[in-house]
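Colleague: Could you help me learn to read ligand and metal sites in a model like this one?

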Amino acid sequence: MTETRIKIAVQKKGRLAEGSFALLDKAGVKLAYGKDQLLRRAENMALDLMLIRDDDIPSFVASGACDYGIVGENVLYELQADRAGRLNDLEVALELGFAKCALKLAAPKDGTIACAADLESKAVATSYPGLTKAYLSARGIRADIIEMGGSVEVAPRMHIADAICDLVSTGATLDANGLAAFETVLESQAVMIKRKDAPKDVIGDILIERFKGVIASRQTKYILLNAPKDRLDDVRNILPGAQAPTVAPVVGRDDVVAVHAVCTEAVFWSTLEQLKSVGAQSILVLPIEKMMA
Ligand code: PRT
Ligand code: ZN
């Protein structure tokens with residue numbers, strides 16, 4: 001019997017590629033060495049990766065050429081806003097929590113545009129015409145949408161448009177171009193997509209469960225510390241997202257206990273400083289490699 005292998009469309013190169021490969025690696029997918037520029041085979045699971053441009057990922061999944069895809073929500077929803085048909089049969093199987101950014105309206109800092117309503121009869125440059133049009137027309141605003149393939153941030157300076165609608169992550173690009181964001185059209189992150197009517201498949205289900213474990217363990221830490229017995233409640237209140245810490249005796253110390261806890265929320269340096277201020281000592285923060293609920 002021939003083995004059924006699933007295909008996952010992944011960005012070949014770019015901002016999504018690194019996070020996608022890191023996630024697959026953490027989920028235990030070992031890629032075989034291969035010269036093929038398009039297809040990479042996993043040597044330990046019945047799956048193959050198809051390496052393509054991010055813009056093509058939704059079509060590859062919608063057409064059935066791939067079973068899953070890892071793509072930014074911005075790309076998925078833009079294609080769905082822009083085109084009817086098969087792309088609307090796609091759904092998000094899992095939010096992956098990386099490549100976070102936001103599609104924002106922005107205009108020159110020293111200009112007169114400060115909200116979406118100010119865009120009436122103005123020109124807005126964007127690589128996301130579908131989402132921009134939908135956002136503005138839902139608010140009854142008629143603007144002239146100017147589609148650009150890239151370098152959208154230079155459009156106001158070049159008098160191509162009055163405002164832009166572009167992806168922002170740190171905000172440095174807007175800043176360097178004298179622009180300020182005033183409204184968010186879409187918050188985006190990398191997501192795993194599939195066809196709504198795709199039959200259930202075992203490999204896909206395993207992979208999604210493993211991805212969930214990787215995502216959960218990203219900020220989850222294991223904390224070990226010694227605490228004065230009479231400050232135990234204070235320590236427990238500080239530990240971020242710790243459900244039921246283990247409290248154990250410390251040999252030769254009646255006034256001190258050892259606390260072990262799984263913290264599901266971010267542990268910052270300030271968390272350690274707070275723990276220290278209530279008497280905790282010998283504080284260790286360890287990463288959790290794998291998790292399964
Ligand atoms: O070749 P291919 O078509 O596959 O790649 P691409 O060039 O179209 O996309 P790529 O690799 O640049 O981005 C892939 C995906 O990463 C996007 O679709 C988003 O989902 C996500 N992402 C996350 C971003 C950003 N952050 C981001 N900051 N994509 C683009 N940017 C750009 C933005 O367009 C602007 O020019 O970075 C600039 C702004 O960044 P800041 O940090 O200055 O605000
Ligand atoms: Zn692209």
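Modeller: Gladly; we will go through the metal site and then the ligand pocket.

Modeller: This is a predicted model, where local features need pLDDT of at least 70, side-chain atom pairs count only at pLDDT 80 or more, and totals for chains, interfaces and linings use all residues. Residues are numbered from 1 along each chain, ligands are numbered from 1 in the order in which they are written, and side-chain values use heavy atoms, without hydrogens and water.

Colleague: Which residues coordinate the zinc ion (ligand 2)?

Modeller: Donors are N, O and S atoms within 2.8 Å of the metal (3.2 Å for Na, K and Ca); water is not among the atoms, so sites may look incomplete. Here D54 (OD) and D55 (OD) coordinate the zinc ion at 2.0 to 2.1 Å.

Colleague: Are D54 and D55 buried or exposed?

Modeller: Buried means under 20% relative accessible area, exposed over 50%, and partly exposed in between (1.4 Å probe, protein chains only). D54 is buried at 17%, while D55 is partly exposed at 34%.

Colleague: Which residues are closest to ligand 1?

Modeller: Being near means having a heavy atom within 4 Å. Ligand 1 is surrounded by 21 residues, and the closest are R15, N74, T170, G171 and T173.

Colleague: What about polar contacts?

Modeller: These are pairs of N or O atoms within 3.5 Å. Oxygen atoms of ligand 1 lie 2.5 Å from a polar side-chain atom of T173 and 2.9 Å from a polar backbone atom of D54.

Technical notes: Polar contact = N/O pair within 3.5 Å; in protein donor to acceptor, adjacent residues only side chain to side chain.
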